[in-house]
Amino acid sequence: MISLIMSTYNGAEYIVEQLDSIRLQSRTADEVIICDDCSTDNTVAILQGYVSYYSLSAWKIKRNNENKGWKRNFRELLQEAQGEIIFPCDQDDIWQLDKIERMTAILQENPDIKLLASNYTPIYTAEGQKLSLSREEREENQSVYKPTDLKNFFYIMRPGCVYAVKKELVKYFDTYISEEDPHDAFLWRIATLIDSLYIYNSSTIFFRRHSNNATRRVKLTKQAHIEKLNYYADVIARMRRFLEQEKPASNETTIDSVECFRKWISLRQELQNGGGIMTALKLLPYLKCYYSPRTYLADLYFLLMKGKSVNEDKS
């Protein structure tokens, strides 16, 4: 059984294109659950009219009684879905019409894969944030591979809307996820720890970027920077607890990576909480943990320029 889940909020402008691309899939989902998070526009009316017009008996439309936020909404949808394979879906993208068929076939042929993430093709509307894709993210050679770089544990290199997830990963929500975790970040890290994260080098969606995207770059203040580091420290603590309690067949490189990131985050916290030049120097051996050298410079900037802000980068 294949499930598709979508969280909506004020998505009227683009949602019909997304619904069309789901309905016209070459391999349709057995279950489609769409939960609206108290939209103030006519998103719900569009959804209900669409389902009625096309007599989509496998589609279920729900509306929250209170605004839960997209993180909780997606988390609860993943827990509700009944399929062995679950496709999270955003409200404003356009799926290639064979996405479900292609990714399902790969998962069925490779039982070791618990999370398969594809590439994507950005499309821009109005003031959508421009994305800088890596060479790997632009690949179209149809290969499937397991990421091995140290950073792949910590940095989420694909958005959740290009995931196909085995339901068995969702059971870890009960014990290890926090209210602050985006569902895709949590699933990515857990799949990495159990050695079951794979990338599909082919685009499966047109990833729409516009001024109202739920995830977009924001200005980061010193206080927000400290709070973010505290959150990352909590993430690492929970992932270490996962390794200790679940005892997955992770290799020593994975375990060492988690410990390396723990020490790195701890030093960054020390730096922002009064550490001086010696702490900054201690961070130099951990430059490999930074997404880019720019983030190390941001750490120094916040140390020296109290109360200022910079553009957020992966950190």
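Here are some notes on this predicted model, point by point.

1. Overall make-up. The protein has ten helices and eleven strands. Of its 315 residues, 51% count as buried. Among contacts between residues at least 6 apart in sequence, 81% join residues at least 24 apart.

2. Helix α6. If you only have time for one element, you might start with α6, which spans residues 183-193. This helix is mostly covered, with eleven of its eleven residues buried. The buried set takes in charged side chains as well as nonpolar ones: Asp184 and Arg189 are among them, and so are Phe186, Leu187, Trp188 and Ile190. His183, Ala185, Ala191, Thr192 and Leu193 are also on the list of buried residues.

3. What comes after α6. The helix is followed by Asp195, whose phi is positive, near 60°. Asp195 sits in the loop between α6 and β9, the strand at 197-209. With a relative accessibility of 30%, Asp195 counts as partly exposed, because the buried class stops under 20% and the exposed class begins over 50%.

4. A second positive phi. Asn10 is another residue other than glycine with a positive phi, here near 45°. Its place is the loop that runs between β1 (2-8) and α1 (15-23). Asn10 has a relative accessibility of 30% and therefore counts as partly exposed. You may like to look at the backbone of Asn10 and Asp195 side by side.

5. Cavities. How many cavities of 30 Å³ or more does a search of the whole structure find? There are two. The second largest holds about 40 Å³ of space. Its lining is made up of Asp181, Pro182, Ala185, Phe186, Arg189, Tyr231, Val235, Arg238 and Met239. Two elements, α6 and α7 (222-246), each give two or more residues to this lining. The greatest share comes from α7, with four residues. By class, the lining has six nonpolar and three charged residues, and no polar ones.

6. Arg189 in two roles. Arg189 is one of the residues that line the second largest cavity, and it is also one of the buried residues of α6. In addition, Arg189 lies over the face of Phe154, at 5.3 Å from the ring centre. For another case of an arginine over a ring, see Arg23, which lies over the face of Tyr54 at 3.7 Å from the ring centre.

7. Aromatic residues. The structure holds 22 aromatic pairs. One aromatic cluster is formed by Phe153, Phe154, Tyr155, Tyr231, Tyr232, Phe261, Trp264, Tyr290, Tyr291 and Tyr296. Two members of that cluster turn up in other points of this note: Phe154 is the ring under Arg189, and Tyr231 belongs to the lining of the second largest cavity.

8. Val258. This residue lies in helix α8, residues 252-272. Is Val258 buried or exposed? Its relative accessibility is 2%, so Val258 counts as buried. Leaving aside neighbours within four places in sequence, Val258 is in contact with Phe153, Leu193, Ile236, Arg240 and Leu243. Of these partners, Phe153 is part of the aromatic cluster and Leu193 is a buried residue of α6. Val258 and Ala237 are 21 residues apart in sequence, and their C-alpha atoms are 9.2 Å apart in space.

9. Met103. Helix α4 (residues 99-109) holds Met103. Met103 has a relative accessible area of 0% and is therefore buried. Not counting residues up to four places away in sequence, Met103 touches Phe87, Leu116, Ala117, Ser118, Val162, Tyr163, Ala164, Tyr200 and Thr204. One of these partners, Ala164, is 61 residues away along the chain, with 6.9 Å between the two C-alpha atoms.

10. Helix α3. The buried residues of α3 (residues 70-80) are Asn73, Phe74, Arg75, Leu77 and Leu78. These residues pack against three strands and two helices: the strands are β1, β2 (31-36) and β4 (85-89), and the helices are α5 (173-176) and α6. That brings us back to α6, the helix whose eleven residues are buried.

Conventions. Residues are numbered from 1 along each chain as its sequence is written. This is a predicted model: local features need pLDDT of at least 70, side-chain atom pairs count only at pLDDT 80 or more; totals for chains, interfaces and linings use all residues. Side-chain values use heavy atoms; hydrogens and water are left out. On a 1 Å grid over the protein atoms alone, a cavity is a set of points where a 1.4 Å probe fits but cannot get out, and a pocket is an open set with protein on both sides within 12 Å along at least five of seven lines; lining residues have an atom within 4 Å of a point. Grid points are joined across faces, edges and corners, and a volume is the space filled by probe spheres set on the points. Buried means under 20% relative accessible area, exposed over 50%, partly exposed in between (1.4 Å probe, protein chains only). Contact means heavy atoms within 4.5 Å. Rings of Phe, Tyr and Trp (its six-membered ring) pair if their centres lie within 6.5 Å; planes under 30 degrees apart count as stacked, over 60 as edge-to-face and the rest as tilted. A charge sits over a ring if NZ of Lys or CZ of Arg is within 6 Å of the ring centre and within 35 degrees of the ring normal.
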